[in-house]
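Here is a friendly tour of a protein model, with an eye on the surface of one chain and its meeting with another. Have a look at the structure first, then read on.

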Amino acid sequence: MDSEGLHLNIDYVGSSGIILSPEQKAALQTSLVILKNSGKFHRVYFWGKILGVKDDYFIAQGVGRDEMENRKTFYSKDCVHWGLLPPATKAMREQSKLAQGRFTGDPSYEFEHTEQKKSEDGEEAGEEETITIKEEDRLSSVIAEIDEDVKIVPRSAFIKTPDGKINANRSFEGLSVSESAKLCSYMHFRDAICLQEKSLLQKANLDKAIDFMDTLEEDIPKGSWSLQFERGSGLVTLRSLLWLGYVFYHVPGTHMYGSCYVGNGEKNLDLPFML
Amino acid sequence: MTDVNMELNINPKEQQFISAKSYLLTASTDTGLNLYDHLSRVLTKVLDERPNNVVDIFEDVSKDSKRSKFTSDVDTVRDKLDQSTEVALAKVQEKLFAKEGGEDNEPEESEELETPLPNIMELCFFFEQAGIGLNREEMIRVWLALKNLVDTHALSHVRFWGKMFGTEQNYYIAEVEYRDGDEEEEEEEEPEEQQEEEATDKDGDEEGEEEQEEDDTPKPDFKPPPEIPKEENKTGTNKKTYFVCNDPGKPWTKLPAVTPAQIQSARLIKKFFTGRLDAPVVSYPPFPGNEINYLRAQIARISAGTHVSPMGFYQFEEDEEEEEETEGRNDCVINVDFEPVSLRDLCDGSLQHWVHHVQHILPQGRCVWVKVGQETPEEVDDEDEEEEREEPDEPEPEVGPPLLTPLSEDAEIGNLPPWTPKVSSKLIPQYAISVLQSNLWPGAHAFAAGKKFENVYIGYGHKYNMDNYNPPQTAPIQEEFPSGPEITEAEDPTVEEENALRNAQQEAAEAAEEMEEAEEEEDDEDN
């Protein structure tokens with residue numbers, strides 16, 4: 001969600017139970033402007049909130065001109081002071097999957113994971129390996145994970161220029177109402193994974209400048225998105241059921257769209273049973 | 001050529017210009033357009049509108065102007081009705097804003113009447129301080145919808161219970177209590193139940209008929225375990241009545257009373273709501289009922305788990321104390337002399353100053369334990385069955401924590417505290433309110449400020465679990481009929497065996513003949 005006009009944009013996700021208190025809104029409006037200026041960002045997004053047991057993390061992301069690359073993630077506990085999160089490396093993300101339970105709210109807290117090592121004979125040798133995972137690292141990994149799994153944008157909101165840069169499409173005028181009711185009009189904001197696997201015939205109709213990302217239609221399992229119209233058809237809301245708490249909104253016919261995550265930072269692995 | 005140009009006094013530069021222009025003016029063989037007109041139109045548009053950084057979007061401007069050639073400005077259908085869903089919903093919600101009756105005398109009268117309608121905007125204000133709840137406009141709509149509910153039903157108490165998200169639509173839930181005298185609405189409900197009972201009776205009859213027709217069909221000797229009777233209206237899990245609607249302004253639907261069986265199986269499953277009350281709940285173990293029943297069961301569970309109030313706000317009725325000491329008291333009333341609990345106490349980590357004011361649901365699915373076996377003697381038909389049933393030991397009554405138990409007694413989830421207390425503002429703590437967030441039911445919140453408190457639930461209606469959901473194992477495969485000699489088929493004898501048997505028979509016959517002959521001989525001898 002763009003930090004400019006945050007106090008207006010946050011109202012679009014209010015019906016999903018995402019509300020900022022007036023104090024938080026006021027604080028964010030001040031501190032995000034400073035963050036944008038000091039970090040020399042092209043834009044700053046209010047990413048959302050990760051609920052901890054004792055305290056919550058507010059997350060913001062600053063981006064350069066190319067919005068897919070050069071992304072930096074910041075966290076704050078009071079909406080005023082922002083700390084830079086370390087970029088999530090592959091090893092970090094593998095490790096943080098082992099951490100169980102809710103976030104505590106203390107970035108220096110360490111989760112412990114004990115693993116019984118099996119010897120080569122296959123019998124338990126009794127050797128235990130303990131891995132400690134810092135909450136700050138886990139936070140960074142979970143944010144990266146959410147971005148990869150569910151961060152979405154409307155189709156043609158971003159274009160790929162011939163030199164490979166990904167820019168916001170200035171002439172994006174929004175999806176029409178009938179378009180916005182289809183999952184194929186929304187795309188994962190990440191490097192395409194399923195696109196390469198498509199056949200030439202399927203690729204023939206794609207516009208290279210626009211269709212350079214995966215659409216939601218191919219998501220597994222089917223039904224992992226809940227698409228609803230609110231205010232009649234005046235506002236379309238997509239809620240991810242894989243990461244409960246991720247909400248995307250778009251006002252059809254306008255260039256207004258955005259998304260936000262407010263949840264406890266745990267993937268809903270029970271999804272196949274719940275549909 | 002040159003001669004002509006010489007005649008017209010055109011120098012070579014102008015000549016080049018003319019040939020370029022005539023080239024630009026060449027109409028396309030496909031579309032009939034020419035570049036000259038198109039460029040002039042685009043440039044006029046750019047100069048009129050003057051967008052920033054026009055060079056970046058020049059292609060789009062050009063495309064737009066080409067596209068505009070194909071759309072007609074003239075609307076052939078003048079009085080076209082726009083029946084988009086947006087208009088449809090607005091028309092539904094317009095009724096909410098309609099004032100009832102005349103405008104002159106109404107306000108004075110309504111001021112005198114005491115209305116059960118809560119001041120939702122005030123509560124919304126407090127929740128907003130804590131960053132919980134819904135939009136203000138949405139709350140106003142909910143408020144108006146609740147007002148509708150109060151106007152059409154005889155209610156003594158109304159609350160906005162919360163919002164549940166579904167995959168297709170959402171539920172807004174209102175919690176109500178009927179006025180003591182006016183039980184009409186509850187009577188309305190009973191015929192439905194009777195119908196249901198009739199339906200089940202009919203099924204039973206049909207089965208009976210079938211049995212009469214075909215006496216041969218084996219009867220299963222499985223008897224379903226006796227059904228636990230559901231709690232009466234106004235007690236236990238059915239103490240309050242709930243209404244739901246998909247959008248404020250749409251009609252409210254009353255939820256049926258919850259049965260213990262529904263609560264028990266709701267604990268075992270985890271399903272998303274769809275938003276359609278009549279949708280089937282496809283799950284294992286099978287859920288007895290539709291989504292309307294599942295929703296009601298989850299509401300009962302969430303209410304029992306998360307409805308909390310500051311200590312002292314509710315108290316037990318004094319005269320009942322002696323009578324019901326053994327059973328535990330089931331009802332509490334508002335304490336008139338309630339002294340507000342201080343903020344520091346409310347936000348204390350031990351949570352001693354918050355209490356549950358809704359009864360705990362026992363594993364049986366009821367708030368008050370009931371012994372099942374003997375409660376339903378009518379259902380037992382066969383005398384043999386009765387004898388069998390007396391054999392097992394008397395089940396021990398299940399006991400839960402009594403009403404108004406402090407939250408400090410709540411069980412932990414793994415090593416996670418069940419509640420998180422918070423202060424709404426750290427910058428101005430003098431005017432802050434205390435907020436409680438449930439970790440067991442994510443989405444359930446409570447606030448307390450002075451003499452006011454409220455609970456609300458906004459979420460998907462699922463309990464938090466440290467481990468992932470595991471569906472219960474399927475029942476073991478039924479045992480086959482024990483195989484014995486009476487049902488096993490005898491093997492065919494082999495040729496050797498047949499021959500041996502035949503030989504044996506022949507020998508036996510011969511032997512018998514010999515014997516007979518011998519006997520005859522003997523007889524002859526005797527004679």
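## Chain A and its partner

Chain A exposes about 13,100 Å², and carbon and sulfur atoms supply 51% of that area (Shrake-Rupley method, 1.4 Å probe; for residues, only the protein chains shown count as cover). This is a predicted model, in which local features need pLDDT of at least 70 and side-chain atom pairs count only at pLDDT 80 or more, while totals for chains, interfaces and linings use all residues. Residues are numbered from 1 along each chain as its sequence is written, chains are lettered from A and ligands numbered from 1 in the order in which they are written, and side-chain values use heavy atoms, with hydrogens and water left out.

Of the 275 residues in chain A, 52% are buried (under 20% relative accessible area, 1.4 Å probe, protein chains only).

Now to the interface, where contact means heavy atoms within 4.5 Å. Buried area is the accessible area (1.4 Å probe) that two parts lose on being put together, summed over both.

| Interface item | Value |
|---|---|
| Residues from chain A | 40 residues |
| Residues from chain B | 46 residues |
| Area buried between chain A and chain B | about 3,500 Å² |

In chain A, Ile19(A), Arg170(A) and Met274(A) lose the most area to chain B, together 18% of what that side buries.

How many salt bridges cross between chain A and chain B? The rule finds three (a side-chain nitrogen of Lys or Arg within 4 Å of a carboxyl oxygen of Asp or Glu). Asp56(A) forms a salt bridge with Lys422(B), with 3.1 Å between the closest N and O atoms.

Key
Buried means under 20% relative accessible area, exposed over 50%, partly exposed in between (1.4 Å probe, protein chains only).
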